[in-house]
Amino acid sequence: MSKPFYLTTPIYYVNDRPHIGHTYTTVLADVIARFHRMMGEDVAFLTGTDEHGQKVEKAAAARGITPKALADEVVANYTELWKRMDITHFRFIRTTDEDHRKVVQTRFQQLLDSGDIYKSTYKGLYSVSDEAFVTEIQAKELQAQGLAHQLVELEEETYNFRLSKYEKPLLEYFAAHPDFVQPDFRFNEVKRFVEGGLQDLSISRTSIQWGISVPDDDKHVIYVWFDALLNYLTGAPEGAWPPDLQIVGKDILRFHAVYWPAFLMAMGLELPKTILAHGWWLMGDDKMSKSKGNVVRPNTLLKFGNDALRFYFMRDMQVGYDRSFSFEGFMDRLNADLANGLGNLAARSITMIQKYRDGLAPAVVPTDELDRTVAEQGRALVPDFLSKAKADDFHGALEGLWIHLRFLDGYIVKAEPWKLAKDEASRAKLDAVLGLLYRSLRATSLLIAPVMPVMAQSLWDSLGMPGKAAEQSLGEFVYDAPAVSKVGDPKPLFSRIDKEAELKALEEPSTPTPTTAESASAASPLDVPELRPVIDYDTFAQTDLRVGQILSAEAVPKSKKLIKMTVDLGFEQRTILGGIAIGYTPEELIGKKVVVVANLAPRALMGIESHGMLLAASDNASKPYLIAPPDDAKPGFIVK
């Protein structure tokens, strides 16, 4: 039986509810775990909570409850969130678990017996925030960061680990394993720290009670970091050691890349293959912090969907580097890439395959240089994505994929398949266009499955593919394989976010929702014209309203309001002009379903003849809001 791919997150400290920093780390691990499963590997993915230490003990005492009760309360926030987000870990480990206590005490005794742990009296500076004694160099670093107030002078009896003994072995290991810490610049920081000299490490405390006691010496509680790091050993399934990948934040890299490998060397165990250190999510230029009041909670973002948050994390954060978060940037990304990008492209492509080829994507024989370019890009999609994903660079992998999707949008505009469909002589070209769109969307549905499992399955189903997208083999995918069945109706992948309304709601989070009566009395009067003269039913019944779908859109030169659109009415395509540029860009209109006044006499505007009108709502002072039929209404349906 082959060794499973063993993957871990740090275990999260139970001093607060999860924020987007914890969520990002866990989502990154889950995406990597899902990717390796689609590459045919068994995966063991471990996450959990760190529950011992002085801060938990003090916080529980302040509330008059036991530390375990406090831990249970906070842990529930994590387990419920990971369940809601469908995180695929095989175990959620807690440092209060009985099997973990046994492992910690057994390994402590092993190092005590070997002489790598010894008892002495320690006097020095202690970091309250890190729950660790610090060297003079570390103290200077904290002082430079304005954190000197967190240092206290302590003297107490303690057990020490002979960290200094492993200075040379660590440097030799680093030289022999250049991929031990990623990215490279983080590895260089670790090397410089070790080259500066290592001092023995205090690994027990007598001034606290909440923790795992030293074997046969209950006066001492084992240092929280020795306890916490050994969770990876406790949680490892049989045959899974060593970890293939351990994901940590840059702030705890030193513990994982110096102390942790030194502990393992002393225990005679293999070291992890790679430790991946990611950066921080910032608000402006500041790290998110509960004390600064700038923490973003995942529930605030999950209202837009689990897949949307997962996509944003992977698309916007380049692993290893910090990334500034803003709600506006978050919504812009989702609107641009999911609503206006993939969602519109999929809806347009599948609709055209249904209409022009009875739902079955044709074979592809490129007819010109543009077709050949799209085909070459499509065949490169999977290998390019896999090479980056194998290096845990999902930011780069998704960027490459979305470059291709944007190219396909331009390909449709240039090829004009709605015109090709009217000319039998253009049949081969239309086959090439539809076939290439289908093949690239099929590849996309698999490539996004580790990142957006629900959206990937929806697209997979719409393309008429059998089974589960997440259960397909990425390594065996063939881009040019023929379609196996007809496409289904296009399913909406992501609804555009009303950014203006959402930002306003964020600014007033505590404002209660007014009643209907309150709204009527408090609202500003509408700036609308008076009602038009009454007409009878027979007059109204002469108006022919139809569902249409916008196939292309472009601004009209020298006009600030007009947009020229090609609209599919099911039985024909029409050119329609609309004075809606104040509310919409041409790009976001493509693929949108609208209601069209279909029997309106043609009218020339700016030298262009418009054959219909789109229904929109507004008052005299606001932007237009296009009236949208349900997603499953098809072009040509009568509105009545």
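Let me start at one residue pair: V214 stands opposite D217 in β12, and this is a place in a predicted model, as is everything else I will go through today. Strand β11 is joined to strand β12, residues 217-222, by two bridges, and the two run antiparallel. If we step back, they belong to an open sheet of three strands, with the order β10-β12-β11 and antiparallel pairing. β10, at 204-205, and β11, at 213-214, stand at the edges with a single partner strand each, so one side of each is left without a neighbour in the sheet.

Before I go on to other strands, a word about the whole chain and about how confident the predictor is. There are 640 residues, and buried residues make up 51% of them, while the secondary structure consists of 22 helices and 27 strands. Among contacts with a separation of 6 or more, 75% are between residues 24 or more positions apart. The accessible surface comes to about 29500 Å², and carbon and sulfur atoms account for 52% of that.

The mean pLDDT of the chain is 90, and 90% of the residues reach 70 or more. The stretch to treat with caution is residues 510-527, over which the pLDDT is below 50, and which has five contacts in the model beyond near neighbours in sequence. Where pLDDT is low, the predicted coordinates should not be read in detail.

Now to further strand pairings, beginning with β7. Strand β5, residues 117-127, is joined to strand β7, residues 151-161, by eleven bridges, with the two running antiparallel, and within that pairing K119 stands opposite Y159. β7 also pairs in the antiparallel sense with strand β9, residues 201-202, over two bridges, where N160 has S202 as its bridge partner.

Which strands does β18 run antiparallel to, besides β21 and β27? Strand β19, residues 563-568, is joined to β18 by six bridges, and there E554 stands opposite K564. With β21, residues 593-597, β18 shares five bridges, and Q549 stands opposite K593. With β27, residues 638-639, there are two bridges, and R546 stands opposite I638. Strand β18 itself, residues 545-555, is mostly covered, with nine of its eleven residues buried.

Let me turn to the aromatic side chains, for which a search of the whole structure finds 32 pairs. One of them is formed by F311 and W402, a tilted pair with 5.0 Å from centre to centre and 45° between the planes. This pair links distant parts of the chain, since F311 is in helix α12, residues 306-316, and W402 is in helix α15, residues 394-415, the two residues being 91 residues apart. Are these two residues buried or exposed? Both F311 and W402 are buried. Elsewhere, Y24, W281, F304, Y312, F313, F325, F327 and F330 form one aromatic cluster.

Finally, there are rings with a charged group over them. K191 lies over the face of F187, at 4.4 Å from the ring centre, and the charged end of R254 sits over the ring of F193, 4.0 Å from its centre.

Definitions and conventions. Residues are numbered from 1 along each chain as its sequence is written. This is a predicted model: local features need pLDDT of at least 70, side-chain atom pairs count only at pLDDT 80 or more; totals for chains, interfaces and linings use all residues. Side-chain values use heavy atoms; hydrogens and water are left out. pLDDT is the predictor's confidence in each residue, from 0 to 100. Contact means heavy atoms within 4.5 Å. Rings of Phe, Tyr and Trp (its six-membered ring) pair if their centres lie within 6.5 Å; planes under 30 degrees apart count as stacked, over 60 as edge-to-face and the rest as tilted. Helices (H or I, at least four residues) and strands (E, at least two) are DSSP runs, numbered from the N terminus. Buried means under 20% relative accessible area, exposed over 50%, partly exposed in between (1.4 Å probe, protein chains only). A charge sits over a ring if NZ of Lys or CZ of Arg is within 6 Å of the ring centre and within 35 degrees of the ring normal. Accessible areas come from the Shrake-Rupley method with a 1.4 Å probe; for residues, only the protein chains shown count as cover. Two strands pair if DSSP finds at least two bridges between them.
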